[in-house]
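Q: I would like to go over the salt bridges in this model. Could we take them one by one?

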Amino acid sequence: MSSQQPLLESFKSGHEGVNSELEEILTDTETSSFTRIQLASWVELKLLFRIAGPAVIVYLLNNVVSMSTQIFVGHLGNLELAAVSLGNTGIQIFAYGLLLGMGSAVETLCGQAYGAHKYEMLGIYLQRSTVLLMAASIPLTLLYVFSKPLLILLGEPNDIASAAALFVYGLIPQIFAYAANFPIQKFLQAQSIVNPSAYIALATLFVHLFITWLGVFKLNWGLLGASLILSFSWWVIVLAQFAYIVMSKRCKKTWSGFSIQAFFGLWGFFKLSAASAIMLCLETWYYQVLVLIAGLLPNPQIALDSLSVCMTISGWVYMISVGFNAAASVRVSNELGAGHPKSAEFSVIVVKHLLSLFL
């Protein structure tokens with residue numbers, strides 16, 4: 001694809017890649033509206049939960065990986081727990097939200113391409129997004145490197161800012177793991193391949209728990225060691241998922257190897273990625289502001305420790321909604337790519353009602 005071509009290629013309708021059962025039900029004028037809604041809801045729920053269930057598990061397990069580091073370090077003392085809370089939620093979550101938002105562009109484009117039976121484009125979009133996210137990670141490292149003076153400038157106590165900065169230094173490799181992981185994750189989700197990511201996340205969690213316990217309690221690696229282990233665990237997830245893509249027969253049509261086309265059309269891809277990133281960043285900034293304000297209270301260690309527990313609990317609920325949103329994005333983009341507008345609209349309605357019932 002040349003760089004002069006539009007970013008969103010024109011997709012054909014009526015492809016073999018997406019089942020048209022839902023669209024046929026919704027457009028069947030001979031059946032009563034109530035019956036159509038019942039049948040369509042059952043079909044959509046089956047399709048949705050097939051993606052949402054494993055997706056929620058993946059996000060929850062990935063969240064537990066970070067949460068477990070916080071729990072282990074919390075046993076070292078109040079200062080260490082406050083430092084991890086400030087480093088994770090005050091600094092790291094900014095990079096997480098920005099890169100996850102940028103990676104969401106892959107979900108939309110890959111989902112439409114898969115629904116349109118344009119399988120070869122999925123690998124191109126994956127590589128293109130990875131290039132952009134890796135480039136965006138470079139300036140983000142400056143935020144980590146200068147985290148101590150930034151936190152002090154914001155009024156955080158010197159001892160907590162120093163400890164948080166030490167923890168954040170070990171998270172620098174994690175930034176680039178995010179940049180590689182999110183496009184891979186969205187690439188797989190667009191094809192409704194979610195179970196392998198859940199198995200990888202579960203296996204990585206057990207490895208992470210053991211190494212963190214060993215590093216923190218037995219080898220006394222402290223804050224820096226704990227954060228480096230966390231970064232290592234994220235890279236294990238990335239490499240395991242990429243190995244699955246390369247070796248799995250399920251990705252044979254969508255991954256044909258590295259291509260020079262990944263470097264074409266980057267500007268259009270960046271504009272779409274940036275729009276997604278801004279929306280997600282606005283949500284994550286609420287958490288950052290709360291943590292930064294807590295650090296300004298009279299007893300900042302206790303305040304940050306308490307807020308850390310509350311944020312951990314709310315994070316679980318947030319990951320459930322993120323999993324369902326990812327599933328909805330896949331369903332809508334798949335149906336739009338296949339030329340099924342009624343199915344896409346109905347999928348949005350179903351997810352909206354599900355989240356309002358359970359959350």
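Q: How many salt bridges are there by this rule?
A: The model is a predicted one, and the count in it comes to three salt bridges.

Q: What does Glu 44 form a salt bridge with?
A: The partner of Glu 44 is Arg 331, and their closest N and O atoms are 2.7 Å apart. This pair links distant parts of the chain, 287 residues apart: Glu 44 belongs to helix 2 (residues 33-74) and Arg 331 to helix 11 (residues 300-337).

Q: Is Glu 44 buried or exposed?
A: Glu 44 counts as buried, because its relative accessibility is 0%. Arg 331 is buried as well, with a relative accessible area of 5%.

Q: Which residue does Arg 331 form a salt bridge with in helix 11?
A: That residue is Glu 335, with the closest N and O atoms 2.9 Å apart. Both lie in helix 11, four residues apart, which is about one turn of the helix. Arg 331 and Glu 335 are both buried.

Q: Which residues are linked in a network of salt bridges?
A: Glu 44, Arg 331 and Glu 335 are linked in such a network.

Q: Turning to Lys 186, what does it form a salt bridge with?
A: Lys 186 pairs with Glu 107, and the closest N and O atoms are 3.4 Å apart. Lys 186 lies in helix 7 (residues 172-190) and Glu 107 in helix 3 (residues 78-115), so this salt bridge ties together parts that are 79 residues apart in sequence.

Q: And are Lys 186 and Glu 107 buried or exposed?
A: Lys 186 and Glu 107 are both buried.

Note on methods:
Residues are numbered from 1 along each chain as its sequence is written. This is a predicted model: local features need pLDDT of at least 70, side-chain atom pairs count only at pLDDT 80 or more; totals for chains, interfaces and linings use all residues. Side-chain values use heavy atoms; hydrogens and water are left out. A salt bridge is a side-chain nitrogen of Lys or Arg within 4 Å of a carboxyl oxygen of Asp or Glu. Helices (H or I, at least four residues) and strands (E, at least two) are DSSP runs, numbered from the N terminus. Buried means under 20% relative accessible area, exposed over 50%, partly exposed in between (1.4 Å probe, protein chains only).
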